[in-house]
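The following exercises treat the fold, the sheet, the core and the backbone of a single protein chain. Please attempt each task with the sequence and coordinates at hand before reading its solution.

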Amino acid sequence: MDSSIIGKIEKARQYAEEKDRVNITSFTAKFQGNHNQYDVRLEEGAWRCDCHFFATRDVCSHTMALQRILDEMLTGDPEPVSIS
Ligand SMILES: [Zn+2]
């Protein structure tokens with residue numbers, strides 16, 4: 001392995017410890033619930049989930065779980081309800 005790659009790996013290791021450097025602005029995820037799999041998305045800071053609960057409440061256990069998992073890497077504060 002050449003030395004420039006070794007330097008990058010070391011830098012990546014440091015960056016990975018500094019999560020506030022990263023702001024996730026959008027992504028898609030397959031979420032395996034207890035009964036079904038759901039498509040969860042974050043687009044421009046807005047959550048979407050194709051489960052029935054989300055359709056009526058604009059929030060659900062899947063979006064809240066992902067908010068917890070991603071926490072400080074999310075841009076701004078897309079959290080629609082308090083989950084603490
Ligand atoms: Zn959902």
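Two residues are in contact if their C-beta atoms, placed from the backbone, lie within 7 Å. The model is a predicted one.

**Exercise 1. State the order of the secondary structure elements and the confidence of the model.**

Solution. Step 1: the protein holds three helices and three strands. Step 2: read from the N terminus, these elements follow the pattern α-β-β-β-α-α. Step 3: the mean pLDDT of the protein is 87, and 88% of the residues reach at least 70. Step 4: among the elements, α2 has the highest confidence, at 97, and α3 the lowest, at a mean of 92. Step 5: contacts between residues 24 or more positions apart make up 34% of the contacts in the protein with a separation of 6 or more.

**Exercise 2. Describe the sheet: its strand order, its edges and the register of β2 with β3.**

Solution. Step 1: the three strands make an open sheet, ordered β1-β2-β3, with antiparallel pairing. Step 2: β1 (26-32) and β3 (46-49) are the edge strands, since each pairs on one side only. Step 3: on average, neighbouring strands are turned by 15° against each other, direction ignored. Step 4: β2 (residues 37-43) is joined to β3 by four bridges in the antiparallel sense. Step 5: the register can be read from two pairs, with valine 40 opposite cysteine 49 and arginine 41 opposite arginine 48. Step 6: the two faces of β3 are then assigned; Trp47 and Cys49 belong to the covered face, Ala46 and Arg48 to the uncovered one.

**Exercise 3. Determine how α3 is placed on the sheet and which of its residues are buried.**

Solution. Step 1: α3 (residues 61-70) lies across β1, β2 and β3 and runs at about 55° to β2. Step 2: His62, Thr63 and Leu66 are buried in this helix. Step 3: viewed down the axis of α3, the buried residues fall within an arc of 95°, and therefore line one face of the helix. Step 4: the packing partners of these buried residues are β1, β2, β3 and α2 (52-57). Step 5: a residue elsewhere in the helix may be compared with the cut-offs. Leucine 70 lies in α3. A residue is buried with 20 or more other C-beta atoms within 10 Å and exposed with 12 or fewer; leucine 70 has 15 such neighbours and so counts as partly exposed. Step 6: the C-alpha atom of leucine 70 is 9.8 Å from that of asparagine 23, although 47 residues separate the two along the chain.

**Exercise 4. Identify the largest nonpolar core and the elements that supply it.**

Solution. Step 1: as a starting point, 12% of the 84 residues of the protein count as buried. Step 2: the largest nonpolar core has seven residues, namely Tyr38, Val40, Leu42, Trp47, Cys49, Cys60 and Leu66. Step 3: β2 and β3 are the elements that contribute two or more residues to this core. Step 4: β2 supplies the largest share, three residues. Step 5: for one member, leucine 42, the contacts beyond four places in sequence are with Ile24, Ser26, Phe27 and Trp47. As a general remark, nonpolar side chains tend to be buried together in soluble globular proteins.

**Exercise 5. Locate residues with positive phi and give the surroundings of those in loops.**

Solution. Step 1: β2 and β3 form a hairpin with two residues between them, and in its turn glutamate 44 has a positive phi of about 50°. Glutamate 44 is not a glycine. Step 2: glutamate 44 has 9 C-beta neighbours inside 10 Å and therefore counts as exposed. Step 3: aspartate 58, in the loop between α2 and α3, also takes a positive phi, near 60°. Step 4: its 14 C-beta neighbours inside 10 Å mean that aspartate 58 counts as partly exposed. Step 5: just after α3, aspartate 71 has a positive phi of about 35°.

Terms used. Residues are numbered from 1 along each chain as its sequence is written. This is a predicted model: local features need pLDDT of at least 70, side-chain atom pairs count only at pLDDT 80 or more; totals for chains, interfaces and linings use all residues. Two strands pair if DSSP finds at least two bridges between them. Axes are lines fitted to C-alpha atoms, for helices over the stretch in contact, and angles run from 0 to 180 degrees between N-to-C directions. The arc is that of the directions from the helix axis to the C-beta atoms. A nonpolar core is a set of buried Ala, Val, Leu, Ile, Met, Phe, Trp, Tyr and Cys residues joined through C-beta atoms within 7 Å. pLDDT is the predictor's confidence in each residue, from 0 to 100.
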